[in-house]
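Visitor: I'd like to learn how to read a few features straight from a model. Could you walk me through some?

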Amino acid sequence: MNQHVTPQRKLGASFYRLWLSSGLANLADGVGIVAWPWLASLITRDPLAISMVAAAQKLPWFLFALPSGVITDRLDRRKLVVAMDFARFAVLIMLAAALLLPGLLPQDPISDFPTAPLYWLLLVAALLVGFAEVLRDNCAVTLMPAIVPLERLETANGRMGSLEVLMNMMIGPPLAGLLIGLALPLAFGLYGLAFAFAGMLVLSIPGRFRAERAAPRHWVTEMREGAAYLFRHPLLRDLAIGLGAFNAVENMLLIGLVLYAQEVMGLNSTQYGLLLTGAAAGGLLGGLFGERVIRRLGASACLRLAIAACLLQALVTLLLPYFVAVWLALMLASLTGMIWNIITVSLRQRMIPPHLLGRVNSVYRFFGLGTMPLGLIISGLSVTIAEGFMPRSQALAAPFALGAVLALLLLVGIWKRVSPKALRDFSGR
């Protein structure tokens with residue numbers, strides 16, 4: 001007897017345009033991972049001031065995540081992605097032009113909190129880029145199920161994640177280190193130009209990407225609908241809150257690594273960029289093989305492993321501050337973190353109704369990403385406080401000690417909430 005096998009549908013040209021656009025946008029973000037804090041460290045050596053620049057870029061996830069969901073569900077998502085990419089291009093080109101002005105960048109960084117105009121310009125630019133990133137990313141996630149067959153979402157998200165990590169962590173940071181060594185304005189200029197090309201690629205995707213829905217009501221009412229859906233489903237709620245704690249710890253570790261790498265590990269900008277390729281390698285492997293790992297271990301075990309790897313990253317950086325050891329720890333944490341993303345993003349895209357997807361995603365990201373500024377500020381404060389009673393080299397390790405404690409508490413707290421039964425109950429509802 002012949003068995004009929006339904007062939008898998010192709011991902012299609014529209015997906016690959018979105019895929020390439022995401023790659024360019026993440027190449028830009030990868031340059032920014034090094035460029036923002038490194039420029040801040042050329043202005044000041046104050047750890048709190050440096051962490052505030054990173055916090056300014058992430059603060060919009062707390063301030064703007066919820067309204068961005070309403071905007072995403074009301075307007076054409078493709079056009080919004082394009083507009084936000086072009087907005088980031090404009091801000092970064094203006095910042096690059098400002099860096100060309102003679103005397104604006106000090107000859108030597110000061111040790112105290114800065115009052116220089118360039119520092120405040122940097123804060124404002126980081127904040128504007130962050131607002132654009134929030135709306136752009138929320139729209140891009142909701143575009144995916146509109147151009148990809150639902151049965152191919154894990155494949156599409158895995159490929160998207162692999163390219164994003166390749167650009168964001170493997171190519172972007174070392175490229176930033178090289179560009180900063182050549183000319184700081186060049187780094188920010190090319191950073192912005194990559195967003196312009198990313199926007200043009202999305203602009204070339206044909207079709208209309210505005211969700212079919214009832215007539216718009218007051219934006220607060222619409223936000224409440226997204227929040228109500230999230231809280232009616234305990235697994236979504238727990239994953240959002242767990243992601244918030246996870247991201248707070250990860251950002252605490254990442255921003256703490258800037259001065260730690262320079263003053264404790266003795267790395268220059270190029271070596272620091274190369275160190276971050278450990279995260280790139282892990283993310284790339286997670287994107288390429290994540291679907292197979294999920295099938296082999298199960299989604300529940302993979303989510304738990306991601307938190308355990310974050311704990312390991314903090315401990316290794318604290319106890320073994322050597323390039324190879326930290327590189328491997330970053331690699332493992334990024335690999336499991338990518339698998340976490342594949343599981344949770346695919347779950348939301350498949351199970352949330354299209355007319356609610358933008359708003360539910362925005363509420364999820366409010367809890368999941370809105371905590372990043374808190375982690376960044378805590379990282380800087382922990383060093384500042386620790387310097388009051390211990391040598392600076394030891395104080396710079398404070399974010400990693402604190403991060404290890406918080407990661408352990410998170411692992412204990414989320415263990416039962418992401419059990420196999422909880423995942424089955426949600427998927428089979």
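Guide: Let's start on the surface. A nonpolar patch of about 720 Å² is formed by Phe86, Leu178, Leu182, Leu186, Leu190, Leu193, Phe197 and Met200. Helix H7 (153-182) and helix H8 (184-203) are the elements that give two or more residues to the patch, and H8 has the largest share, with five. This is a predicted model, where local features need pLDDT of at least 70 and side-chain atom pairs count only at pLDDT 80 or more, while totals for chains, interfaces and linings use all residues. Residues are numbered from 1 along each chain as its sequence is written, and side-chain values use heavy atoms, with hydrogens and water left out.

Visitor: Is Leu193 of helix H8 buried, partly exposed or exposed?

Guide: Buried means under 20% relative accessible area, exposed over 50%, and partly exposed in between (1.4 Å probe, protein chains only). Leu193 has 34% relative accessibility, so it counts as partly exposed.

Visitor: On to salt bridges: how many are there?

Guide: The general idea is that side chains of opposite charge can pair when their charged atoms come close. The rule here asks for a side-chain nitrogen of Lys or Arg within 4 Å of a carboxyl oxygen of Asp or Glu, and the count comes to 12. Take Arg136 and Asp85, whose side chains meet at 3.0 Å, N to O. That pair links distant parts of the chain, with Arg136 in helix H6 (residues 117-147) and Asp85 in helix H5 (residues 77-99), 51 residues apart.

Visitor: Are Arg136 and Asp85 buried or exposed?

Guide: Arg136 is buried because its relative accessibility is 4%, and Asp85 is buried because its value is 0%. Both belong to a salt-bridge network that also takes in Asp29 and Arg88.

Visitor: Which side chains does Arg392 meet in salt bridges?

Guide: Arg392 meets Glu263 at 2.7 Å and Glu387 at 2.9 Å, both N to O. Arg392 is partly exposed, with a relative accessible area of 25%. Glu263, at 36%, counts as partly exposed, and so does Glu387, at 31%.

Visitor: What about the lining of the second largest cavity: which kinds of residue make it up?

Guide: Its lining divides into seven nonpolar residues, four polar and no charged (Ala, Val, Leu, Ile, Met, Phe, Trp, Tyr, Cys and Pro count as nonpolar, Asp, Glu, Lys and Arg as charged, and the others, Gly among them, as polar). Among the lining residues are Pro47, Ile255, Ser379 and Leu396.

Technical notes:
Patches are made of residues with over 30% relative accessible area and no salt bridge: like charges are joined within 9 Å, nonpolar side chains (Val, Leu, Ile, Met, Phe, Trp, Tyr) within 5 Å. Accessible areas come from the Shrake-Rupley method with a 1.4 Å probe; for residues, only the protein chains shown count as cover. Helices (H or I, at least four residues) and strands (E, at least two) are DSSP runs, numbered from the N terminus. On a 1 Å grid over the protein atoms alone, a cavity is a set of points where a 1.4 Å probe fits but cannot get out, and a pocket is an open set with protein on both sides within 12 Å along at least five of seven lines; lining residues have an atom within 4 Å of a point.
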